[in-house]
Amino acid sequence: MHRQKSRGQEPGFIVPAGQASTASRRALVSGTLGSALEWFDFAIYGAVSATVFPALFFVSLDPATAIIASFATFGVGFVARPIGGIFFGYIGDRHGRRITLLITFMTMGAATVVIGLLPTYDQVGLLAPLLLVLMRFIQGFALGGEATGSQLLTMEHAPADRRAFFGSLMGAGSPISQVLANTLLLVLTLTLSTADFTSWGWRIPFFLSVLFVIIGLYIRFRVDETPIYKEKVLDQQIKNPSTWTVLRTKGWTILALIFAYSPIAITFYLVTVFGITYMTKTVGFSTSETFSIVLIANLLSIGAIVLGGRAADHFGRKNILFTGGAGCLLAAVLFFPLINLHSYALALIIVSFACISAQFGNGSQAALYAELFPTQMRYSGSALALTGVNLIFSAPAPLAAAFIIASLGGVVSLTLIWMGFIVIALVVMARMKDGPSLEGVPQTFPLRGNRALKVAENASVG
């Protein structure tokens, strides 16, 4: 049915529907664990920037300004992600997915360990926040290539009718990392005094990255290059387009994908980053209560993203992203009214609903993005779209929320702006269409048993 060898490598560039080869399973495990470990570094920073960093690195500022400054350093990582996406996207399309992911993983791990070693403002003055910003930039630079690369490595190995499902497990790395990060922070805050946690306890999660890097590198070295990339690019010696060519030929596609994914990005970071500060500083929840709420919500959302991936293989990529966006719209309406009641149960319900809605829609992101670009520009195009939405929407979300509340004195304006962006995104999504398969043939849903998959399998013969 499909080619068994190409230049001594197997199993050809398409994995038959319903079958998962050893290479597919290995790529899935390595991608999921590697993605979770990589996102752990990013998640730890996000949680600590909302609680500890204002007092350690921005002590010369008043409390409200210190929080805004801390969120600004959080946003630096997102500013760096498009730069990393451009750089690693080009490397990934030119030299392959596997080598690129090894580089991104080592870079992220090194930057995270250095953050754990940084002196505070009281020790070295202005140098402390400057070094913090630099390390945050390097983190974002690495993640700009990692997030897309792990998705492509997995989906290009995956069975043709389960690519959204396999890709969703890469997205699950984010909530998994949130669970790991908040579990560790919850344990630390419960076992250490406030003074000890602020003094040295917050450094422990960053030091653990040394162990995570070792495990991650072992996993990554055991994964082969994707068969689709070998057949479509290496064997045919296709010249990879420049970043400018990708932007010129696929610019509107990239822009549409940025807006389509914005409800997920805005909601997730408003709830899990800004929400931590709002619940502790404004509403009055304890730090341990807030961490436990975010922990449980992210734990529940892991199942939602996997369900979203399975649904995207059955109902289509765009439809699942639209459904998740609609859930985010409802969450935007209810979030602050329920949080302000200072009820642990209601706060847990609304934070969980927001995270579940966002991650359900996120389950289709990897497949939707990848299938709208040909193989030779897939890494660059997908990375530009994914890092673009994080630069425009994710990075400003906590900072903008803190600024809006500080300047306008309430949450009504913030809620209206939050809702407005989601409505615009839903309109954009309503006009979008799903792309072809990774092999470039048309596909209709549900995918299992789809004739288009048979066409794709037959195409691998010729």
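How many of the 462 residues in the protein chain are buried, as a percentage? Buried residues make up 60% of them. Keep in mind that this is a predicted model. The protein chain has 21 helices and zero strands, and its mean pLDDT is 82. Here's a quick tour, topic by topic.

**The chain as a whole**

- Take the contacts between residues at least 6 apart in sequence: 85% of these join residues at least 24 apart.
- The accessible surface adds up to about 17,100 Å², and carbon and sulfur atoms account for 68% of that area.
- One example of a long reach along the chain involves Ala400 and Ile68, which are 332 residues apart in sequence but have C-alpha atoms separated by 8.6 Å.
- Ala400 itself belongs to helix H19 (residues 396-408), where it is partly exposed at 30% relative accessible area.

**How far to trust it**

- A pLDDT of at least 70 is reached by 87% of the residues.
- Confidence peaks in H15, with a mean of 96, and bottoms out in H21, with a mean of 48.
- At the start of the chain, residues 1-15 have a pLDDT below 50, although the model gives this stretch 45 contacts beyond near neighbours in sequence.
- Residues 455-462 also stay under 50, and here the model has 19 contacts beyond four places in sequence.
- Where pLDDT is low, don't read the predicted coordinates in detail.

**Aromatic rings**

- The structure holds 15 aromatic pairs.
- One of them joins Phe87 and Phe88, with ring centres 5.0 Å apart and planes at 80°, an edge-to-face arrangement.
- Those two partners differ in cover: Phe87 is partly exposed at 43% relative accessibility, while Phe88 is buried at 2%.
- Why is the pair of Tyr261 and Tyr369 edge-to-face? Their ring centres are 6.2 Å apart and their planes meet at 75°, and planes over 60 degrees apart count as edge-to-face.
- Tyr261 sits in helix H13 (residues 243-283) and Tyr369 in helix H17 (residues 365-371), so this pair ties together parts that are 108 residues apart in sequence.
- Both tyrosines are tucked away from the surface: Tyr261 is buried with a relative accessible area of 8%, and Tyr369 is buried with 1%.
- Ring pairs also link up into a cluster made of Phe274, Tyr278, Phe335, Phe336 and Trp418.
- A charge gets involved with a ring too, as the charged end of Arg310 sits over the ring of Phe165, 4.1 Å from the ring centre.

**Cysteines without a bond**

- How many disulfides turn up in a search of the whole structure? The count is zero.
- Why don't Cys328 and Cys355 bond? The closest cysteine sulfur to that of Cys328 is in Cys355, and it is 9.3 Å away, which is too far for a bond; a disulfide needs the sulfur atoms within 2.5 Å.
- Seen from the other side, the closest cysteine sulfur to that of Cys355 is the one in Cys328.
- Cys328 is buried, with a relative accessible area of 0%, and Cys355 is buried as well, at 1%.

**A buried serine**

- Ser168 lies in helix H7 (residues 163-171) and is buried, with just 1% relative accessible area.
- Which residues does Ser168 contact, leaving aside neighbours within four places in sequence? They are Ile305, Val306, Gly309 and Gly363.

**Backbone oddities**

- Most residues other than glycine have a negative phi, and most peptide bonds are trans. Two spots here go the other way, as follows.
- Phe445 and Pro446 are joined by a cis peptide bond, with omega at about 5°.
- Pro446 is in the loop between helix H20 (412-430) and helix H21 (451-459).
- His342 isn't a glycine, yet its phi is positive, near 55°.
- You'll find His342 in the loop between helix H15 (317-339) and helix H16 (344-362), partly exposed with a relative accessible area of 42%.

Methods: Residues are numbered from 1 along each chain as its sequence is written. This is a predicted model: local features need pLDDT of at least 70, side-chain atom pairs count only at pLDDT 80 or more; totals for chains, interfaces and linings use all residues. Side-chain values use heavy atoms; hydrogens and water are left out. Rings of Phe, Tyr and Trp (its six-membered ring) pair if their centres lie within 6.5 Å; planes under 30 degrees apart count as stacked, over 60 as edge-to-face and the rest as tilted. Buried means under 20% relative accessible area, exposed over 50%, partly exposed in between (1.4 Å probe, protein chains only). Helices (H or I, at least four residues) and strands (E, at least two) are DSSP runs, numbered from the N terminus. A charge sits over a ring if NZ of Lys or CZ of Arg is within 6 Å of the ring centre and within 35 degrees of the ring normal. Contact means heavy atoms within 4.5 Å. Accessible areas come from the Shrake-Rupley method with a 1.4 Å probe; for residues, only the protein chains shown count as cover. pLDDT is the predictor's confidence in each residue, from 0 to 100.
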